[in-house]
Amino acid sequence: QQFKRFCFVGGFGFVVDSLFFLLLTQFTDDVMLARLISFWLAASATWLGNRIYTYKHQQFSSIFYQWCKHMLTAHFSGGINLIAFWLTKDILSIPVAFCFGIFLGVFSNYFLANKLFLLAIQIKK
């Protein structure tokens, strides 16, 4: 059940990212600026969604501290996402580059999360 909620929140983050990116590109010609802002808003939205929906039964530390930790980890995979977008935006269409970046970001996020989880288990032994 928790994994389904996590995926739902991730889908919501994709919608937030996409809508804000489309909205921001209407106001600026700088697609990288629009991409950075939309990513930041989406990462914040997924943090909030996971806090109040996915992990609603857990005890949390300070809101600001938790948000900062989430944003720090989100920026590792977000960097891959944004670099992939930046490298392909002039080769592919903007929407395809946007989705390609998100795909690579999700893959790296999943990979890093699994590696960090396995590392944490090994340290405990």
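# Notebook: salt bridges, helices and rings

At 15% relative accessibility, Lys89 counts as buried. I started with this residue because the cut-off for buried is under 20%. The model I am reading is a predicted one.

**Entry 1. Salt bridges**

I looked up the partner of Lys89. Lys89 forms a salt bridge with Asp90, and their closest N and O atoms are 3.3 Å apart. Asp90 is exposed, at 66% relative accessible area. So this bridge pairs a buried lysine with an exposed aspartate.

How many salt bridges does the structure hold? I find two. The other one I noted joins Arg35 and Asp17, with the closest N and O atoms 2.7 Å apart. Arg35 lies in helix H2 and Asp17 in helix H1, so the pair ties together parts that are 18 residues apart in sequence. Are Arg35 and Asp17 buried or exposed? Both are buried. A general reminder for myself: side chains of opposite charge can pair when their charged atoms come close.

**Entry 2. Helix H1**

Next I checked the span of H1. The helix runs over residues 2-25. H1 has 24 residues and reaches 34 Å from its first C-alpha to its last. That is close to the 34 Å expected at 1.5 Å a residue.

Which residues of H1 are buried? I listed Arg5, Val9, Gly13, Val16, Asp17, Ser18, Phe21 and Leu24. Asp17 is the salt-bridge partner of Arg35.

I also looked at Gly11, which is found in H1. Gly11 is partly exposed, at 34% relative accessible area. I then checked Gly11 against Thr46, 35 residues apart along the chain. Their C-alpha atoms are separated by 8.9 Å.

**Entry 3. Asn50 and Tyr53 in helix H2**

H2 covers residues 31-54, and Asn50 is found in it. Is Asn50 buried or exposed? At 9% relative accessibility, Asn50 counts as buried. I looked up its contacts, leaving out residues up to four places away in sequence. Asn50 touches Phe6, Val9, Tyr55 and Lys56.

Tyr53 lies in H2 as well. Tyr53 is partly exposed, with a relative accessible area of 32%. With residues up to four places away again not counted, Tyr53 touches Arg5, Phe8 and Val9. Val9 is therefore on the contact lists of both Asn50 and Tyr53, and Val9 is buried in H1. I also checked Tyr53 against Phe6, 47 residues apart along the chain. Their C-alpha atoms are separated by 8.4 Å.

**Entry 4. Helix H3**

H3 takes in residues 63-88. At 1.5 Å a residue, its 26 residues should span 38 Å. The end C-alpha atoms are 36 Å apart, which agrees. Where is the kink in H3 centred? It is centred on Phe76 and comes to about 35 degrees.

The buried residues of H3 are Gln66, Trp67, Met71, Ala74, Ser77, Gly78, Asn81, Leu82, Ala84, Phe85 and Thr88.

**Entry 5. Aromatic rings**

I searched the whole structure for aromatic pairs and found six. Phe14 and Phe98 form a tilted pair, 6.3 Å centre to centre with 50 degrees between the planes. Phe14 lies in H1 and Phe98 in helix H4 (residues 94-124), so the pair ties together parts that are 84 residues apart in sequence. Phe14 counts as partly exposed at 36% relative accessibility, whereas Phe98 is buried at 5%.

Why is the pair of Phe21 and Phe85 edge-to-face? The ring centres are 5.7 Å apart and the planes stand at 85 degrees, so the pair is edge-to-face. This pair links distant parts of the chain, with Phe21 in H1 and Phe85 in H3, 64 residues apart. Both Phe21 and Phe85 are buried.

I then asked which residues cluster. Phe14, Phe21, Phe85 and Phe98 form one aromatic cluster.

**Entry 6. Cysteines**

How many disulfides are there? The count comes to zero. I looked up the exposure of two cysteines. Cys7 is partly exposed, with a relative accessible area of 40%. Cys68 is partly exposed too, at 29%.

Technical notes. Residues numbered from 1 in each chain as written. Predicted model: local features only at pLDDT ≥ 70, side-chain atom pairs only at ≥ 80, totals over all residues. Heavy atoms only, no water. Helix = DSSP H or I, 4+ residues; strand = E, 2+ residues; numbered from the N terminus. Buried < 20%, exposed > 50% of the residue type's maximum accessible area, 1.4 Å probe, protein only. Contact = heavy atoms within 4.5 Å. Salt bridge = Lys/Arg side-chain N within 4 Å of Asp/Glu carboxyl O. Expected span 1.5 Å × (residues − 1). Bend = angle between axes of the 7 residues up to and from the residue. Disulfide = S-S within 2.5 Å. Phe/Tyr/Trp six-rings, centres within 6.5 Å; stacked < 30°, edge-to-face > 60°.
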